[in-house]
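Subject: Structure for you to look at

Hello,

Here is the structure I said I would pass on. Please open it next to this message and follow along; my notes are below it.

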Amino acid sequence: MANIRRDRFLKIASNRTNKIIDDIRLLSNCSNTNNYEYTEEEVEKMFGAISAALDEAKSKFDFRSSKERFKF
């Protein structure tokens, strides 16, 4: 059973990671000032939101904090 769960994690995590990386590459296309206009503030907001979402997702994988929460 553990191998099935691990294999499923590896497959799904790999696919989702690759999709996120592809989407970030697509987002970087918006930096082309020949096609788009934006302010520094807008870019900071955009990457701030991405960073916050990444930090939240990463915290769910933090083994140390999850063990500390359940100390007796």
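Start with phenylalanine 9, which counts as partly exposed because its relative accessibility is 44%, and partly exposed covers the range between the buried cut-off of under 20% and the exposed cut-off of over 50%. Please keep in mind that this is a predicted model, so every value here is computed from predicted coordinates.

Where does phenylalanine 9 lie? Its place is in helix α1, which covers residues 2-28. On the surface, Phe9 joins Leu10 and Phe61 in a nonpolar patch. Together these three residues have about 320 Å² of accessible area.

Now the whole chain. The protein has 72 residues, and 0% of them count as buried. Its accessible surface comes to about 7300 Å², with 57% of that belonging to carbon and sulfur atoms. There are three helices and zero strands, so the order of elements from the N terminus, as DSSP runs are numbered, reads α-α-α.

Next, the pockets. The largest pocket holds about 440 Å³ of space. It is lined by 13 residues, and those closest to its centre are Thr17, Ile20, Leu54, Ala57 and Phe61. Two elements, α1 and α2 (40-59), give two or more residues each to this lining. Which of them gives the largest share? That is α1, with seven residues. Sorted by class, the lining of the largest pocket has 10 nonpolar residues, one polar and two charged. Note that Phe61 turns up twice in these notes: it belongs to the surface patch, and it is among the residues closest to the centre of the largest pocket.

The second largest pocket has a volume of about 150 Å³. Its lining includes Leu27, Ser28, Cys30 and Ser31, along with Tyr36, Tyr38, Glu42, Val43, Met46 and Phe47. Here too α1 and α2 each supply at least two residues, but the largest share, four residues, comes from α2. By class, this lining divides into seven nonpolar residues, two polar and one charged.

To find your way around, I suggest selecting Phe9 in helix α1, then Leu10 and Phe61 from the same patch, and after that the residues around each pocket.

Regards

Terms used
Residues numbered from 1 in each chain as written. Predicted model: local features only at pLDDT ≥ 70, side-chain atom pairs only at ≥ 80, totals over all residues. Heavy atoms only, no water. Patch = residues over 30% accessible without salt bridge, like charges linked within 9 Å, V, L, I, M, F, W, Y side chains within 5 Å. Areas by Shrake-Rupley, 256 points an atom, 1.4 Å probe, with all protein chains shown as cover. Salt bridge = Lys/Arg side-chain N within 4 Å of Asp/Glu carboxyl O. Buried < 20%, exposed > 50% of the residue type's maximum accessible area, 1.4 Å probe, protein only. 1 Å grid on protein atoms, 1.4 Å probe; cavity = no way out; pocket = protein on both sides within 12 Å on 5 of 7 lines; lining within 4 Å. Points joined across faces, edges and corners; volume = space filled by probe spheres on them. Nonpolar A, V, L, I, M, F, W, Y, C, P; charged D, E, K, R; others polar.
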